[in-house]
Amino acid sequence: MMVQMPTANSKGTQPRRRLSAPERRARIEDAATTLIGQRGYSGASMDAIAFAAGITAPVLYEHFSSKPALYEAVLRCHFANLRAIWSTRIVDRLSESSVTDSLDAWFSYVEENPDAARLLFREPAVAEASAIHRAVSEESRTLVLRVLTATVDGKRLAPTPEDLEMRWVVLRGVLQGLALWWVDHPQVSRQRVLAAALNALAP
C-alpha cells in the first residue's frame, strides 16, 4: 500500500500549518498593540488590525466581538505583564537594590515593547475607549500602593491616605512620563533613563 506524502505547493514550499486559536489570538493582540500604539485608537481600524495579523476581519471578530473588547484585552495583557515585574521583585520589603532592579526590569519591558508603552500610557480621546483605559489602569493601583506601604530597610511606613495617593501620582508620573519620552528618543540608553527615574524618585 502506497502512503501519500504531503506535497509542496506550486512554489515548492510546504503548506503552512494552521494556527491554533490561542496563537491566532496572540497574533491579533500583537497587531493591535503595534497599530494602536503607532496610530492611536481612532487610527487603527479593525480591518487594518486583521490585515496586519494575517487574517480576515470575520476571523478577528470570532476572537473579539468589537474594537473596545480588543482594546481592553490588549491593555489587560500589557498591564498584567508590568504588574508581574513589581510582584516578583518587590512584595514585602523595599530596599535600594530591589527598587533599582524593579525599575530596570520595568524599563526593559518598555524598551522591548515601545508600542505597548504608547498604548498603555496615552489615554485615547474616544470616550468609550478612554473609560476602558481608566478602568483597566486603576486595577494596577492596588499592587503598587501595597508596595508603597511596604517596609524600607526594616522600617515600616505608615503614610496617610493622602500621602499614599501623592506617592502613587509621583511614581506614575515619573515612570509613565519617562517611558513616553524614551520611546520617542530610543538613542538614549536604558541606564540613563533608569538613573533619571531614580533621581526623580529619590526622597
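Helices here are DSSP runs (H or I) of at least four residues, numbered from the N terminus. That numbering is used in every view below, and the model shown is a predicted one.

**View 1. The whole chain, for orientation.** The secondary structure adds up to 10 helices and 3 strands. Reading from the N terminus, the order is α-α-α-α-β-α-α-α-α-β-β-α-α. Of the 203 residues, 41% count as buried. If you take contacts between residues at least 6 apart in sequence, 64% of them join residues at least 24 apart. The accessible surface is about 12000 Å², and carbon and sulfur atoms own 55% of that.

**View 2. Helix α1 and the glycine that follows.** With its 19 residues, α1 spans 26 Å from first C-alpha to last, close to the 27 Å expected at 1.5 Å a residue. Its buried residues are a mixed bag: Arg24 and Glu29 are on the list, along with Ile28, Ala31, Ala32, Thr33, Leu35, Ile36 and Gly37. Just past the end of α1 sits Gly40, with a positive phi of about 85°.

**View 3. The largest nonpolar core, with Trp106 in the frame.** This core has 48 residues, and the ones with the most contacts inside it are Ile49, Trp106, Phe121 and Leu175. Elements giving it two or more residues are α1 (21-39), α2 (46-53), α4 (67-89), α5 (96-112), α6, α7 (127-138), α9 (161-183) and α10 (190-201). Helix α4 hands over the largest share, 9 residues. Look around Trp106 and, leaving aside neighbours within four places in sequence, you'll find it in contact with Leu82, Ile85, Trp86, Phe121, Leu175, Gln176 and Ala179.

**View 4. Arg118 in its pocket of neighbours.** Arg118 belongs to helix α6 (residues 114-121). It has a relative accessible area of 16%, so it counts as buried, the cut-off being under 20%. What does the side chain of Arg118 reach at 3.2 Å? The partner is the backbone oxygen of Val183. Skipping neighbours within four places in sequence, the contacts of Arg118 are Gly37, Leu180, Val183 and Asp184.

**View 5. The salt-bridge network around helix α6.** Asp115, Arg118, Arg122 and Asp184 are linked by salt bridges into a network. Within it, the side chains of Arg118 and Asp115 pair up at 2.9 Å, N to O. These two are 3 residues apart in α6, so about one helical turn separates them. Arg118 and Asp115 are both buried. Asp184 meets Arg122 in another bridge, with the closest N and O atoms 3.5 Å apart. That pair ties together distant parts of the chain: Asp184 is in the loop between α9 and α10, Arg122 is in the loop between α6 and α7, and the two are 62 residues apart. Asp184 is partly exposed, at 44% relative accessible area, and Arg122 is partly exposed too, at 37%.

**View 6. A long-range bridge from helix α4.** The structure holds 9 salt bridges, and one of them joins the side chains of Arg76 and Glu139 at 2.7 Å, N to O. Where do the two residues of this pair sit? Arg76 is in helix α4, whereas Glu139 lies in the loop between α7 and α8 (141-148), 63 residues apart from it. Buried or partly exposed, then? Arg76 has 34% relative accessibility, so it counts as partly exposed. Glu139, at 37%, counts as partly exposed as well.

Terms used
Residues numbered from 1 in each chain as written. Predicted model: local features only at pLDDT ≥ 70, side-chain atom pairs only at ≥ 80, totals over all residues. Heavy atoms only, no water. Buried < 20%, exposed > 50% of the residue type's maximum accessible area, 1.4 Å probe, protein only. Polar contact = N/O pair within 3.5 Å; in protein donor to acceptor, adjacent residues only side chain to side chain. Contact = heavy atoms within 4.5 Å. Areas by Shrake-Rupley, 256 points an atom, 1.4 Å probe, with all protein chains shown as cover. Core = buried A, V, L, I, M, F, W, Y, C linked by side-chain atoms within 4.5 Å. Expected span 1.5 Å × (residues − 1). Salt bridge = Lys/Arg side-chain N within 4 Å of Asp/Glu carboxyl O.
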